[in-house]
Amino acid sequence: SGAQASKTGGVLTPTKDDFQKVYNDVAELLENNDYDDGSYGPVVVRLGWHASGTYDKDTKTGGSNGATMRFAPESEHGANAGLKTARDLLEGIKKKHPWISYSDLWTLAAVAAIQEMGGPKIPWRPGRKDGDVSACTPDGRLPDATKEQKHLRAIFYRMGFNDQEIVALSGAHALGRCHTDRSGFDGPWTFSPTMLTNDYYKLLLEEKWAWKKWNGPKQFEDVSTKSLMMLPTDMALVKDKEFRKHVERYAKDNDLFFREFADAFGRLLELGVPFEKEEKFVFKSTTD
Ligand code: ZEM
């Protein structure tokens with residue numbers, strides 16, 4: 001391993017093959033029956049998203065370049081609670097492939113997680129460089145789940161996304177769950193939290209949702225099984241007319257969701273990165 005990368009001697013120019021090896025090693029780590037719903041995939045996707053979603057297009061600060069979540073204060077931001085699990089998981093991969101930057105590794109791992117959980121191919125390219133603590137972003141750049149459409153627009157427009165892309169990206173909540181010891185919220189959004197599907201949109205439209213009666217933060221539960229959840233920000237996607245249009249488009253058409261999710265997620269992972277090369281890699285999934 002790492003042989004290709006060092007063959008050039010002196011100058012380190014890893015090839016697509018080298019990155020595919022990293023992908024394969026990440027893929028192998030994801031399944032684990034002792035963790036959550038049997039996969040680290042969701043928390044790895046959340047790591048890639050939180051590393052990238054700090055981007056501010058006006059000041060050109062934040063974003064995945066730098067991997068500044070390695071450092072306090074960013075690692076301690078409330079929104080990042082629980083992401084140490086994903087960062088620690090990827091440490092072994094970094095040891096095996098020391099030539100890759102953390103910032104490339106975290107985003108590549110998120111791509112691997114999406115693909116391995118049945119999602120679309122996400123074209124990806126390398127070129128991120130790790131920064132230092134001085135590049136940590138201020139707290140408050142990631143969305144606050146207790147809020148609604150106005151807040152979602154303020155946060156995602158700051159990154160450069162539009163309404164359609166906000167709804168497409170939110171479909172990642174088909175994956176994973178909320179943890180009371182991380183965000184304070186509790187439960188999964190769908191019945192298959194380790195498979196990316198358009199179920200999140202279908203459930204938003206088809207289930208009846210009511211406030212959960214409990215002592216935790218305000219969240220919704222499905223009236224029929226009381227086993228699923230929605231955040232106030234998730235419900236805002238069906239309350240707001242412009243957002244709802246796209247919820248309906250994706251609920252009807254999984255392929256459309258996959259295409260538009262792949263575009264938006266791929267762009268999210270590239271925000272603010274000064275790439276030197278245009279070429280993107282499409283990784284082979286383990287099931288290809
Ligand atoms: Zn999430 N997200 N997210 N998200 N997210 C959580 C979990 C996951 C919001 C949010 O506050 C929360 C996007 C957008 C938004 C994932 C991916 C993406 C949790 C639960 C919260 C509270 C954390 C916990 O307790 O473990 C808000 C307000 C968002 C605004 C729209 C986008 C965009 C994502 C990727 C494209 C994923 C995969 C999880 C599940 C993590 C896990 O550990 O299971």
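Colleague: What makes α3 stand out in the shell around the ligand, and how many residues does α3 give?

Modeller: Helix α3 gives the most to that shell, with five residues. This is a predicted model, in which local features need pLDDT of at least 70 and side-chain atom pairs count only at pLDDT 80 or more, while totals for chains, interfaces and linings use all residues. Residues are numbered from 1 along each chain as its sequence is written. By that numbering α3 covers residues 41–52, and it is called a helix because it is a DSSP run of H or I with at least four residues, whereas a strand is a run of E with at least two, both numbered from the N terminus.

Colleague: Which residues come nearest to the ligand, and what counts as being near?

Modeller: A residue is near the ligand if its C-beta atom, placed from the backbone, lies within 6 Å of it. There are 24 residues around the ligand, of which Pro-42, Ala-145, Ala-172, Gly-176 and Ser-183 come nearest. The elements α3, α7 (163–170) and β1 (177–178) each supply at least two residues of the shell. By class the shell has 14 nonpolar, seven polar and three charged residues, where Ala, Val, Leu, Ile, Met, Phe, Trp, Tyr, Cys and Pro count as nonpolar, Asp, Glu, Lys and Arg as charged, and the others, Gly among them, as polar.

Colleague: From which domains is the shell around the ligand drawn?

Modeller: Domain 1 (3–141) and domain 2 (149–264) each contribute at least three residues to the shell, with the bounds taken from an automatic or database domain assignment. The centres of the two domains, taken over C-alpha atoms, are 23 Å apart.

Colleague: How many residues of domain 1 and of domain 2 are in contact?

Modeller: In domain 1, 22 residues are in contact with 18 residues of domain 2, contact being defined as C-beta atoms, placed from the backbone, that lie within 7 Å. On the domain 1 side, α3 again gives the most, with five residues, and that side has nine nonpolar, seven polar and six charged residues.

Colleague: Why is α3 called roughly perpendicular to α4?

Modeller: Helix α3 and helix α4 (residues 84–96) pack at about 100°, with axes 8 Å apart, each axis being a line fitted to C-alpha atoms over the stretch in contact, and angles between N-to-C directions running from 0 to 180 degrees. Angles of 65 to 115 degrees count as roughly perpendicular, those under 35 as roughly parallel, those over 145 as roughly antiparallel and the rest as oblique, and therefore α3 is roughly perpendicular to α4. Val-43, Val-44, Arg-46 and Leu-47 of α3 meet Thr-85, Ala-86 and Arg-87 of α4.

Colleague: What makes the order β3-β4-β5 an open sheet with edge strands?

Modeller: Two strands pair if DSSP finds at least two bridges between them, and two bridges join β4 (residues 220–222) to β5. The sheet has three strands with antiparallel pairing, and β3 (209–211) and β5 (229–230) are its edge strands, as each pairs on one side only. Phe-220 stands opposite Met-230 in β5.

Colleague: Why single out Pro-73 and Asp-36?

Modeller: Most residues other than glycine have a negative phi, and most peptide bonds are trans. The bond from Ala-72 to Pro-73, however, is cis, with omega near 10°, and Pro-73 lies in the loop between α3 and α4. Asp-36 has a positive phi, near 40°, and lies in the loop between α2 (16–30) and α3.

Notes: Contact = placed C-beta atoms within 7 Å.
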